[in-house]
Amino acid sequence: MSIFSKVKDRLEDLRRPGYFKKYDHKFTMVIDLDRCNGCGACVSACYAENNLPVVGKEECGKSRALNWIRIERYVEGEYPDVKVKFIPVMCQHCSKAPCETACPVYATYHNQDGLNVQVYNRCVGTFTCATYCPYDARRFNWFTYKREKPLDQQYNPDVTVREMGIMEKGTFCIQRIRAAKDRAKDEKRALKDGDVTPACAQACPTGAMVFGDLNDPESRVSKLAKSPRRFRLLEELNTDPSVIYLKRVMKDGRGTSEE
Amino acid sequence: MKRRDFLKYIGIGGAGTGLGYLFGKVTQSPGNKLIPYLIPPEDIIPGVGAYYATFCTECSAGCGILVKVMDGRARKIEGNPRHPVNKGKLCMRGQAGVQGLYNPDRIKAPMKRSGERGTGQFVEISWDDAVSTLAKNLTELNKKPEQLYLLTSDMRRRGHQHTVASSFMSGFGSPNIIRHDLLGPGNLEFANHASMGLSAIPHYDIENTRYLLSFGADFSSAWLSPVSYGHAYGQMRQGGNGRGKLVQVEPRMSLTGANADEWVAARPGTEGVLSLSIAYAIIEKGLSRAGDAGSWRSALGAYRPSEAAKTVDVSEERIYSLAKEFAQARPSLAISGGNLEGYENGPSCHMAVSVLNHVAGNIGIKGGVIPSPEALASAPHPMTGPKNSLSRFAADAEAGRIKTLIVSGSNPVFTAPKAAKVEDALAKIPFIASFSSYIDETTAYADIILPPHHPLEDWGDEFSEPGAGFAPATVMQPVVSPLYDTKGLGDIFIMVGKAVGGKTAARMPSAEFKDYLRGSWKEMYAKNRAMAAGAPTFDEFWIRTLSEGGWWGAESVKPRCAAVSVHAVKEHLSKSVAAEFEGDEKAYPFYLMLYPQAAMRDGSGALSPWLQEMPDPMTSVVWGSWVEINGKTAASLGISEGDVVSIESPFGKITAQAYLAPGIRPDTIAVPIGQGHRQYGRYAKDRGANPIEILPFKENPKTGQIAVNSTRVKVTKIGNGRLVKQEGAARELGRDIVKTMTPAEFERIKG
Amino acid sequence: MAEGHQKSSMSYKDVNEDIYGIITRSGIGYYIICGLFGAGAAVLFILPWAYQIYVGQGVSGLNVPVFWGIYLVNFVFWVGVAHAGTLISAMLFITQTPWRRAISRGAETMTFFALMLVTLFIFIHMGRPWNFYWTFPYPTQRQLWTNFISPLTFDVFAIGTYTTSSIVFLYFGLVPDLAALSHTASGWRKKLYEFLSFGWRGTDAQWYTQNKACMFFSAFIMPLVVSVHSVVSWDFALSLVPGYSKTVFAPYFVTGALLSGFAGVLLMLSIMREAYPVMKKYVTDYHYDRIGLFVLVLSLMWSYLTLMEVVTGLYANTSQEIEHLKFKLATPPYMQLFILMIFCNTVLPLVYIVRKVRGSVFGRFVVPVLVLVGMWLERYLIIPNSLSRKFLPWMWQDYAPTWVEISISLGTLMMFISMFMMFVKVFPIIALFEVKEDIGVPMKNRKHH
Ligand code: SF4
Ligand code: SF4
Ligand code: SF4
């Protein structure tokens with residue numbers, strides 16, 4: 001191999017997010033939009049698991065709710081031919097994440113599990129990541145939000161309580177991933193499919209959300225990811241998201257072959 | 001360290017009997033255990049959560065839950081994966097259960113009234129004082145025990161907490177239990193009983209159906225058992241055996257309507273008519289599977305599609321095509337709820353849907369209506385009816401027949417129309433005791449409050465319906481030690497009963513409620529051989545039950561047979577099944593439809609800041625009320641989004657902000673139930689409007705169920721405003737964000 | 001050379017005295033105004049900022065997804081104003097354009113203070129400004145490094161470099177002047193000048209070195225004219241946001257920066273001339289004429305690029321771009337703001353075509369003020385506005401600054417003015433030695449054209 005191709009390879013390596021050739025895991029979520037009925041259980045599960053603050057009506061009015069996951073609802077047509085589509089949107093854990101380029105202090109970066117992680121301690125609050133995120137997945141701690149006592153007794157001790165000036169976003173419940181990895185290590189085995197379930201997927205009544213490791217060819221997500229209904233949100237932006245959606249089936253749907 | 005503190009820290013409820021951690025050991029990660037601070041048992045690792053099994057009391061579905069407890073505090077509620085109702089899933093209400101437990105406005109100790117009635121001013125007293133005050137008052141009634149009334153809800157009528165309450169009442173000698181539950185399925189139960197002879201709500205097998213025709217049943221948000229049906233819905237769509245189709249009939253597109261493949265915006269109140277005319281069309285086209293189709297044809301003569309089309313505002317062709325699809329898709333299923341439950345003739349409407357199921361041959365088949373087995377409950381299972389309705393309560397109070405009232409689990413001041421004059425009735429009652437955890441609107445009228453534990457601190461049980469081949473019995477056990485100076489709900493009845501003495505005391509269990517519960521389960525165990533499978537002794541069974549959250553004899557119960565006969569429903573269908581609305585059409589041009597959301601339900605969710613901040617699925621509004629108006633209608637009235645409008649019925653007036661909804665009939669407006677509290681804690685108080693206030697007080701004479709969709713209103717703009725909602729814009733603008741495919745293409749890729 | 005200059009009758013002494021007069025001779029009124037601006041800055045800027053740091057960024061009008069509001073607008077605006085200094089000092093120095101001499105010091109000073117505000121606004125817009133130093137690459141025990149592919153890190157370097165070199169450049173130019181003035185001055189000023197002039201004696205060797213150094217810095221800074229604002233534009237252009245992600249942004253921002261910079265210099269000179277009539281001797285109609293032409297040309301370039309910006313959006317013809325343009329061009333109040341911007345930046349500078357206008361009161365005061373307003377609006381219409389209409393319509397939100405943001409913006413402007421006024425009281429605002437060159441008695445070994 002010539003020196004040039006070696007250098008070229010090395011440079012290409014460096015361009016990969018995380019600077020690694022291959023992730024240990026590539027955690028992925030598959031969301032079946034044909035199952036999802038937009039009930040919002042996932043949203044409140046996230047509040048409960050991740051110590052999300054309640055910001056109140058006034059702040060909600062300024063679009064500052066701290067929801068890591070939201071159900072977007074898009075309407076097509078006019079009465080009486082109204083079609084409604086729901087899509088749960090959270091941080092897509094883009095493999096080529098625009099937010100990661102943006103952060104000057106590496107407060108957000110890609111880790112070995114294929115996750116886009118946010119280091120609260122390192123964040124200086126330049127907002128750049130949030131402006132760069134095409135999915136508007138990022139939320140900011142505009143103030144230090146406090147829970148009224150004794151509601152604070154519910155705080156999940158496994159998750160940091162954030163203070164003002166810090167950016168945050170969905171983590172795929174990284175604390176659960178860590179716990180599962182530790183457990184697997186203790187038991188001297190590899191992580192297996194189903195060891196980790198984020199709070200949203202756990203709550204989802206319709207079973208729309210499935211979480212797993214795309215590097216494991218046997219995992220449920222690997223199988224679902226091959227579905228012909230697969231698509232990713234704003235895929236044209238080339239962010240390579242780790243959330244894979246499965247198309248909703250609907251009467252006036254845009255079939256690829258029927259256009 | 002005091003014993004009390006110790007208990008608080010180790011977080012084992014009550015006397016440390018919660019055994020959920022055993023379950024934790026089995027199904028959760030190893031080491032999900034309890035934190036011992038003083039004498040650490042060997043199998044407990046600090047810093048790792050323990051899971052306790054109990055059930056969710058946020059609605060009547062009775063989902064099994066696991067509560068993650070760390071450092072003696074309830075951190076997270078998760079679905080119990082073994083529970084047959086919710087299969088490990090949970091709705092947003094269920095998640096927010098912890099916020100009820102840790103709500104800053106919980107009542108911390110017994111209290112007695114210090115201000116005017118209704119103002120909600122109370123001072124704390126001791127339990128001894130509280131119990132003796134109530135007992136003294138009750139002893140004074142001894143001559144006329146029927147002057148004691150119990151006002152409770154439909155919700156927990158199936159468990160032993162309710163049994164104790166009933167024994168208390170019967171021991172005391174009063175038959176007067178008033179049951180008021182705004183969203184209770186009283187009409188549906190009655191209709192099923194009258195038409196199919198079922199005493200429990202049947203199992204609607206959404207999971208296996210291929211064609212689901214839903215008449216106003218919003219099973220995705222608040223109808224009967226949203227988690228169970230949510231799971232079934234997911235399976236119906238993508239469970240692997242052919243994609244089921246969903247057609248939703250309702251004047252206002254609900255969350256379920258939004259997910260439907262077709263939305264049929266029938267005229268409010270005429271869903272029953274539509275159902276019968278579809279049935280007629282099925283028979284007419286010879287597609288009926290019922291043996292007695294001929295007799296139905298003549299019985300349904302009045303519902304020919306050609307005539308019904310105009311009434312329901314759905315074209316004749318569409319009725320025929322629905323009929324054809326419904327009859328040909330195998331299996332198909334029609335369900336009815338939501339709006340239909342809220343019409344003054346609710347039972348007839350439900351029966352009309354039963355008839356449709358019968359005609360299409362959907363009763364008793366997989367993917368259709370499967371009659372439930374008898375519930376296991378040893379508890380009585382009374383149906384609501386005119387005898388225990390709110391109107392009777394109001395009349396009796398008015399007549400001075402109520403001397404003492406115990407309120408437990410019901411809040412009619414909020415959930416009944418102003419026209420019911422509940423407040424006047426309460427004012428007439430000399431003594432009111434409330435067993436409530438929060439100062440809600442009704443409790444504000446109480447003279448004395450005896451606060452029960454939060455369900456996460458209490459003992460109890462539940463026999464949920466519906467079930468397919470299973471009859472779950474779920475135990476409620478304390479997962480944390482009581483936060484405040486409260487007592488178990490069952491124990492309060494027992495304490496008061498004993499203090500009253502006499503026959504009442506005699507009917508009370510001798511021990512604490514916890515032991516009574518165990519005793520009752522022991523009886524059940526003795527009677528039910530299936531329970532003994534795998535658990536030779538009761539102690540083993542009980543420990544297993546507590547660890548797993550309950551018992552559900554999966555294969556042990558057989559569904560029963562049922563059918564609808566012309567004869568059974570004739571009486572109810574003799575009159576038109578179209579519902580009537582109060583108010584003159586000219587003066588009040590719009591139908592008012594009220595609907596419950598998943599978060600607030602009947603308003604009980606308003607105390608949780610999480611639920612307040614949860615965007616409503618169909619409008620994304622947070623922290624308040626709104627009124628949904630069709631965009632064109634709004635334009636003609638000069639109303640734009642966020643404008644403050646007044647909604648006036650012949651019975652009153654409220655104001656709310658307008659939301660221009662795409663999915664609502666132009667002649668209909670819809671307002672969610674649940675906001676507009678005047679009491680009920682800091683998060684609920686003085687927020688939004690309570691639309692129940694402006695309803696007429698119409699009860700179904702058979703079931704006592706209050707009709708919530710029963711009036712017309714007029715709408716006028718009174719000001720400008722900005723609606724607080726999450727939605728920026730709800731149109732894709734050709735960006736093809738949520739990609740879709742047609743059913744035809746789906747079939748192709750599958751094959 | 002130097003047509004239009006009528007200074008040959010002046011002696012060096014006159015120049016010294018005139019300029020020293022500017023430094024010392026002012027009525028109490030001047031100090032009161034300066035003090036008022038200073039107090040205004042304290043009240044309008046320091047207090048609200050302290051409040052914001054204490055309570056959180058929530059006191060601003062920012063929201064999801066409009067995370068960048070008028071703090072960033074101000075940041076870009078002041079970077080723009082800072083540009084004229086560089087251009088006039090460096091570019092025109094290298095090309096030896098003679099009319100720059102009387103105005104270069106003023107422009108450089110403006111650059112210096114504008115850059116100060118630029119830095120300030122970076123801190124003001126941060127969520128946790130007390131950790132600002134984390135953006136610098138310095139060796140730490142935790143082995144944390146900065147992210148060199150982040151455009152914000154580019155910013156740190158670009159603006160850091162620009163600020164440092166501007167200060168050095170300003171100071172190099174000051175050295176001979178301070179030495180000269182130390183003879184005229186008395187009191188603390190004399191001591192200060194003596195100290196700061198580093199024993200400058202005006203020897204040929206010294207002049208030679210100074211000239212070389214200025215030459216070097218001019219050459220060094222010149223690329224910065226282009227690069228700094230290009231880098232600033234990449235903060236936006238490197239994102240995917242519709243309305244940000246445009247290749248035209250670098251030249252567009254640079255042109256805009258120069259336009260606002262020249263307008264700023266023009267305004268500053270006009271005000272100085274009113275405040276110090278003696279300056280009229282040095283800053284003449286000829287200067288207005290030249291700067292006016294610059295503004296005119298830049299305005300035309302800017303207009304072209306604005307058109308390009310819109311047209312590329314239209315050409316892309318994606319829903320994202322179209323909605324962004326609709327929001328910017330056709331939604332009140334942004335539509336009105338856009339029209340105002342076009343009026344200020346395109347229509348109004350056209351009056352400079354008429355030579356007479358360039359020197360008129362209208363041309364000296366009204367036009368530059370409005371050009372500055374227009375340039376501020378341009379940034380406003382780009383920065384928060386684009387964020388209001390991103391990819392997922394569900395998250396569309398509008399933005400409006402709150403009183404904290406407005407107050408901080410005004411306060412910093414006041415701080416700029418008061419600091420500038422103080423500077424004038426300490427340092428010569430007209431470069432003595434350069435003006436003396438103009439007078440025409442060559443005292444140094446230097447070529448003239
Ligand atoms: S969705 Fe947004 S925040 Fe998440 S990785 Fe992608 S760009 Fe970053
Ligand atoms: S919980 Fe599941 S069904 Fe409900 S909104 Fe979330 S993804 Fe959709
Ligand atoms: S449906 Fe929701 S509220 Fe009702 S019991 Fe289940 S989890 Fe609780």
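**Entry 1. Chains A and B**

I began with the boundary between chain A and chain B, where about 7,000 Å² is buried, 54% of it given by carbon and sulfur atoms. I note at the outset that the model is a predicted one. Accessible area lost when parts come together is a frequent way of giving the size of an interface.

I then looked up the residues in contact and found 78 in chain A and 83 in chain B. For polar contacts between chain A and chain B, I recorded 39 residue pairs, with both residues at pLDDT 80 or more. I looked next for the elements that give two or more residues to the side of chain A that touches chain B; among them are helix H2 (41-49), helix H6 (174-186) and strand E3 (83-89) of chain A. The largest share of that side comes from H2(A), with 7 residues. I sorted the side of chain A that touches chain B by class and noted 37 nonpolar, 17 polar and 24 charged residues.

**Entry 2. Salt bridges**

Side chains of opposite charge can pair when their charged atoms come close. I searched the whole structure and recorded 63 salt bridges over all chains. Between chain A and chain B the count is 7.

I examined B:Arg243 and A:Asp34, whose side chains meet in a salt bridge at 2.5 Å, N to O. Why does this pair join two chains? I found B:Arg243 in the loop between H8 and strand E10 (245-249) of chain B, and A:Asp34 in the loop between strand E1 (27-32) and H2 of chain A, so the pair joins two chains.

I also looked up A:Asp158, which forms a salt bridge with B:Lys68; their closest N and O atoms are 3.6 Å apart.

**Entry 3. A strand pairing across the chains**

I followed strand E11 of chain A and found that E11(A) pairs with strand E26 (residues 740-741) of chain B in the parallel sense, over 2 bridges. I noted that A:Val249 has B:Met741 in E26(B) as its bridge partner. E11 (248-249) is also among the elements that give two or more residues to the side of chain A that touches chain B.

**Entry 4. Chains A and C**

I turned to chain C. Here 48 residues of chain A are in contact with 48 residues of chain C. The area buried between chain A and chain C is about 4,000 Å², with carbon and sulfur atoms giving 63%. Which three residues supply more than any others of the area that chain A buries against chain C? I found A:Arg122, A:Thr131 and A:Tyr132, which supply 17% of that area.

Across the interface of chain A and chain C I recorded 2 salt bridges. In a salt bridge between these chains, the side chains of C:Arg128 and A:Glu163 meet at 3.4 Å, N to O. I further noted 26 residue pairs in polar contact across the interface of chain A and chain C, both residues being at pLDDT 80 or more.

The elements of chain A that give two or more residues to the side touching chain C are E2, helix H4 (98-102), helix H5 (128-132) and strand E6 (139-140). E2(A) gives the most, with 5 residues. By class, I noted 27 nonpolar, 9 polar and 12 charged residues on the side of chain A that touches chain C.

**Entry 5. A sheet in chain B**

Within chain B I traced an open sheet of 7 strands in the order E5-E4-E16-E15-E14-E6-E7, with mixed pairing. Which strands are at the edge? They are strand E5 (122-124) and strand E7 (177-179) of chain B, each of which pairs on one side only. I then looked at E15 (residues 431-434) and E16 (residues 448-449) of chain B, which run parallel and are joined by 2 bridges. The bridge partner of B:Ser434 in E16(B) is B:Ile449.

**Entry 6. Surroundings of the ligands**

I looked up the 13 residues around ligand 1 and found that A:Cys91, A:Cys94, A:Cys99, A:Cys133 and A:Arg138 come nearest. The shell around ligand 1 has 8 nonpolar, 3 polar and 2 charged residues.

Ligand 2 is surrounded by 13 residues, the closest being A:Cys36, A:Cys39, A:Cys42, A:Cys204 and A:Thr206. I counted 9 nonpolar, 4 polar and no charged residues in the shell around ligand 2.

For ligand 3, I found surrounding residues in chain B, including B:Cys56, B:Cys59, B:Cys63, B:Cys91 and B:Arg93. Helix H3 (92-95) and helix H8 (226-238) of chain B are the elements that give two or more residues to this shell. By class, the shell around ligand 3 has 8 nonpolar, 2 polar and 2 charged residues.

Methods: Residues are numbered from 1 along each chain as its sequence is written. Chains are lettered from A and ligands numbered from 1 in the order in which they are written. This is a predicted model: local features need pLDDT of at least 70, side-chain atom pairs count only at pLDDT 80 or more; totals for chains, interfaces and linings use all residues. Side-chain values use heavy atoms; hydrogens and water are left out. A residue is near a molecule or strand if one of its heavy atoms lies within 4 Å of it. Helices (H or I, at least four residues) and strands (E, at least two) are DSSP runs, numbered from the N terminus. Ala, Val, Leu, Ile, Met, Phe, Trp, Tyr, Cys and Pro count as nonpolar, Asp, Glu, Lys and Arg as charged, and the others, Gly among them, as polar. Contact means heavy atoms within 4.5 Å. Buried area is the accessible area (1.4 Å probe) that two parts lose on being put together, summed over both. A salt bridge is a side-chain nitrogen of Lys or Arg within 4 Å of a carboxyl oxygen of Asp or Glu. A polar contact is a pair of N or O atoms within 3.5 Å; within protein, one must be able to donate a hydrogen and the other to accept it, and residues adjacent in sequence count only if both atoms are side-chain atoms. Two strands pair if DSSP finds at least two bridges between them.
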